[in-house]
Amino acid sequence: MCANARNIQSLAQRPLPGLIYRQALQLYRTEDYESSLTMVREGLDLIECEASPDASVVLLPDPDSAKVCDAVVLWAKNLYQLDRFKDFQVLMASAGRWGMVPENLSTDLPELDLVRLSFGFKRGEYLDVVNETTTFIDSHRDVLPPVLADYLLLRGHCLSNLGQPNRAVEDAEVAFSLFRLLGKDLESARSANLQGMLLVRSSDFPGADRWFRRSFDLHRKLGMRKNMGGNRLNLGIVNYKRGALPQAEIEFQAAFNLLTEVDAQVPLCRAAIARGCNLRLQRDFDGARNVLNKAYKQAIEMSLAREEALALEFLGDVYRDEGKLEQARRFYSRALAIGSSIAPDGDIVMEVMCRQGQCLSLLGRHSEGVSVLGRALLLARRLADRHEEGVVRRALATALYTMGDLIQAGQHVDRSVQLFEQVGANFELAHAQMLQANIRLARIDGGLVDDTGEMLEKAWQGMLKTIDPFIKSGVDHWVVEARGLLTDIARRRSRWEKLQLDGWNAEISTTASKLPEAPPIIHVSTRMRDLIQLSDAFADSEEPVLITGATGTGKELFARRLHTHSRRRSGKLVCVNVTAIAESLFEREFFGHVQGSFTGADRDGIGLAAQADGGTLFLDEIGELALKQQPALLRLLQDGTYHAIGDPQERRVDMRLVAATNADLEKLVSEGKFRADLYYRLKILGLNLPSIKDRREDVQPLLRHFLSVAAGRSVEPTEFFNLESLDQMQYYAWPGNVREIAMVARQARVQMASTGQVCVEVGRLDGELLFFTGPQQVATSTNVCSSVSEVISRSRIMLALSEARGNRAEAARQLGVSRSTLYRHLVKMGIATKVTTG
């Protein structure tokens, strides 16, 4: 080997002037990285000058000083702290200048190679870093060099981001113990910080808080303001996860102040991302968007893959909360692509999948949404992140609630509440408890509970717990929402208690019968929920109520609910379809008669008005009431008086009128077919019921309900229909509304019981006949069910006739065909075209 080669090779072990290195190291520890870097370079320049053949300066060796290789490592550490990756690459490329061979760094100088791997971690190359650190750790277990603790710490960071928390905890604990044993306070503080981060991901927020404060105290003793800023940032994250949003803002501001002092760009980017999330939770959407957009640009400039993905994820959250779902999904898709590239099973992938599932459900793509949320739940459980598992379960509960699967929705939200209680995430807990209360109310409204009073009490107690966390969060929006729901529950409890009291009073009275119960109004849509609340508000009034809506939307159900929730609930509810009473018989049927008033009147006849005395009279199809009969009804409404046929004596009745129609009464008034004064008297209180096409989220709950009624047990729609058919149901127009869904359920039950297959013809979708088929069959829009099509058509017509009480015109309207078309089918199938009476 030539002399020059020997000189270069021995240069790495040459001692530095002790004072220079100690000063450079002190500057590094006080986070003055630029000054430390300058001093390191000056020291190395002196060594290089001394090594020159014509050197005029000779440095005396200091046995206590560091070596050239130590100075190069310190140079690299400064570059890492200053985020100068390109300069680090140049340094590595010129390592031979200092007597070091780049290919041998992992064995000859592992401290320098550790800096290279740390840059890899910062750039999101977690799997590669884990593989290389594991190789080093496994090959040095017997000798235990001090740098082994650093390798364990770095591997722990990577494993945490890769979604392997248990292995990460093992590495962090061993690293912390080794650093304490070696008396390395700085490294001990770093490993304490990692312990806190791991506890955040396992949702042990009190434990994380202790470790972050321990790390902060160690960094404060060392005067390391950058690392102190990182600790305050992490304390802010702990606070917003616990729901202490104002305290989190204080911690973030402290972190910004500390990090700005030392111009720590990477931690500042991370702090901006965390603060953006906190602002979004406080519903400051514009502020959050501005902060996150800046952080996103910084992450791109510094090649910070994880931070880039997080910024995109939280930007998506802003747009999602604003209701801009498609924009939110675009952000989530980009975040998912980056997250999958750096950690396919990591926390970012899990969180973004949860958000994508939420958006799909909100867009009406419920099956897709639930599927994606299911995968997110598996990841959350694998990561042992109880906080995020609670978030995913709450999202699943919301999606299932929207689909009308109140049983599974209740199970998921109950578990979500338990998880948030365990980890002390009070803000998220309050949101879960609000959802839990809404699901409980929906189960009551849907008739899915045995004890209404007990369920109301649970909803009440759960909602009481939400007010304090929402107040402490400082977000008025959620305080108002919670109080509104609490008011609704209080009103329901009061009404229920009054119903129970009335029932008890009636029970001890010998003249009273059991109070009637209104059949449930199956729904999950907010539109129907609002209508039910409005109906309940109308119940205590004595004014007439006009219920409008297409055929089959549930007008009679609302009439029954109005009656059973009113003060007249102990009286009769008399239901009359105006079209079922011949015009010539109307007065007799409606007002009654006295004995001898006409041929055959051998006794007094009590009219419908008298039967409703003390109760409610429900007139369906009021728009069909003949014009000449309307004045008598108007008088009854205004004065409560009428005349029975053959009786000159004026009679008085105490009743409330509820009327319903699918006709446009305002148009009938303009055409002179309906009296204006009667119309305006009827419409004082109005309920306009939406068609199924305007509340599609109620299709699955209604189908489940009617299938269960038909089967005589609780069943799932998937027992009778394949998934494609269930999806098609969401887009079908349902011209017969709820009545048509009930018809489909009954047909499916009969067909499954008789043939083991289901093929229900419902109408047209995109111009073609549509058939809903069974679980083992293929959904189709063409007549592949020809062998049963005639049976289906016949049963469908018979069901329509039954629903219309034999009224052919009404049956034709339900079937969506003309009366002449219906008659042709009746003749062809041998069904009687006239109603016979015996």
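A cavity here is a set of grid points where a 1.4 Å probe fits but cannot get out, and its lining residues have an atom within 4 Å of a point. With that in hand, let's look inside this predicted model.

Counting cavities of 30 Å³ or more gives two. Here they are side by side:

| Cavity | Volume | Lining by class |
|---|---|---|
| Largest | about 80 Å³ | three nonpolar, three polar and three charged residues |
| Second largest | about 30 Å³ | four nonpolar, three polar and two charged residues |

So who sits around the second largest cavity? Its lining is made of Asn-161, Arg-306, Gly-339, Ile-342, Ala-343, Gly-346, Asp-347, Ile-348 and Val-349. Two elements give two or more residues to this lining: α18 (325–342) and α19 (347–362). The biggest giver is α19, with three residues.

Around the largest cavity you'll find Ser-160, Gly-163, Gln-164, Pro-165, Leu-198, Arg-201, Asp-347, Leu-383 and Asp-385. Asp-347 turns up in the lining of the largest cavity and in that of the second largest one.

Now for the packed parts. In soluble globular proteins, nonpolar side chains tend to be buried together. The largest nonpolar core in this model has 92 residues, and Tyr-240, Ile-273, Met-463, Phe-470 and Ile-489 touch the most other members. Helix α15 (residues 265–281) supplies the largest share of this core, 10 residues.

Which residues does Ile-489 contact, leaving aside neighbours within four places in sequence? They are Ala-437, Leu-441, Leu-456, Ala-459, Trp-460 and Met-463. Apart from the largest core lies another one of 34 residues, including Leu-44, Trp-75, Ala-95 and Val-115.

Conventions
Residues are numbered from 1 along each chain as its sequence is written. This is a predicted model: local features need pLDDT of at least 70, side-chain atom pairs count only at pLDDT 80 or more; totals for chains, interfaces and linings use all residues. Side-chain values use heavy atoms; hydrogens and water are left out. On a 1 Å grid over the protein atoms alone, a cavity is a set of points where a 1.4 Å probe fits but cannot get out, and a pocket is an open set with protein on both sides within 12 Å along at least five of seven lines; lining residues have an atom within 4 Å of a point. Grid points are joined across faces, edges and corners, and a volume is the space filled by probe spheres set on the points. Ala, Val, Leu, Ile, Met, Phe, Trp, Tyr, Cys and Pro count as nonpolar, Asp, Glu, Lys and Arg as charged, and the others, Gly among them, as polar. Helices (H or I, at least four residues) and strands (E, at least two) are DSSP runs, numbered from the N terminus. A nonpolar core is a set of buried Ala, Val, Leu, Ile, Met, Phe, Trp, Tyr and Cys residues joined through side-chain atoms within 4.5 Å. Buried means under 20% relative accessible area, exposed over 50%, partly exposed in between (1.4 Å probe, protein chains only). Contact means heavy atoms within 4.5 Å.
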